[in-house]
Amino acid sequence: MSSILGNSETFKYQKLPSDDSILIFELQPSPQLSAEIHGRLVNENLSKLDVDIVDHYIALSYVWGSTEDLQTIFVDGYLLKVTRNLRDALRALREQSRVVRL
């Protein structure tokens, strides 16, 4: 499977660089609900933030959904298989013209 904006290589998770690191997923906008999900991971260090994370973000936790019906999203241009429930949640959270931080 390939995409105009992605490639057919599989996403490889890399260990966080420090104990106070968190990953923020920047969900790219799309005017079409059914469009492929694209986003990028950004490392944030909690110790470098003044009091709170400066930019607004949404906390999303998911552990539900069948692993027998995996869907494809693109993270940093690479394929990542996720449950249909996560793909659908990302579609529902995605905005038409603004990046959403998760």
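This is a short dialogue on reading the strands of a predicted model.

Student: Where should I begin, and how many helices and strands does the protein have?

Tutor: Begin with the inventory, then take the order. The protein has 1 helix and 5 strands. Along the sequence they follow the pattern β-β-β-β-α-β.

Student: How far can I trust the model, and what is the average pLDDT?

Tutor: Look at the average and then at the weak stretches. The protein averages a pLDDT of 83, and 85% of the residues score at least 70. Over residues 1–6, however, the pLDDT is below 50, although this stretch has 13 contacts in the model beyond near neighbours in sequence.

Student: Now the strands. In which sense do β3 and β4 pair?

Tutor: Check the direction of the two chains of bridges. Strand β3 covers residues 70–75 and strand β4 covers residues 78–83; they pair in the antiparallel sense over 6 bridges. As examples, Q71 has V82 as its bridge partner in β4, and F74 is bridged to L79.

Student: What lies between β3 and β4?

Tutor: The two strands form a hairpin with 2 residues between them. Look at the backbone there: D76, in the turn, has a positive phi of about 55°.

Student: Which strand is joined to β3 by 2 bridges?

Tutor: That is strand β2, residues 38–45, and β2 and β3 run parallel. Follow F74 here: its bridge partner in β2 is H38, while in β4 F74 is partnered with L79.

Student: Is β3 mostly covered or mostly open?

Tutor: Here is the general idea: in a regular strand the side chains alternate between the two faces of the sheet. For β3, the count is 5 buried residues out of 6, so to speak a mostly covered strand. Across the protein, buried residues make up 35% of the 102 residues.

Student: What can I read from the contacts and the surface?

Tutor: For contacts, look at sequence separation. Among contacts in the protein with a separation of 6 or more, 63% are between residues 24 or more positions apart. For the surface, look at its area and its atoms: the accessible surface comes to about 7,000 Å², and 51% of that belongs to carbon and sulfur atoms.

Note on methods:
Residues numbered from 1 in each chain as written. Predicted model: local features only at pLDDT ≥ 70, side-chain atom pairs only at ≥ 80, totals over all residues. Heavy atoms only, no water. Pairing = 2+ DSSP bridges. Helix = DSSP H or I, 4+ residues; strand = E, 2+ residues; numbered from the N terminus. Buried < 20%, exposed > 50% of the residue type's maximum accessible area, 1.4 Å probe, protein only. Contact = heavy atoms within 4.5 Å. Areas by Shrake-Rupley, 256 points an atom, 1.4 Å probe, with all protein chains shown as cover. pLDDT = per-residue confidence, 0-100.
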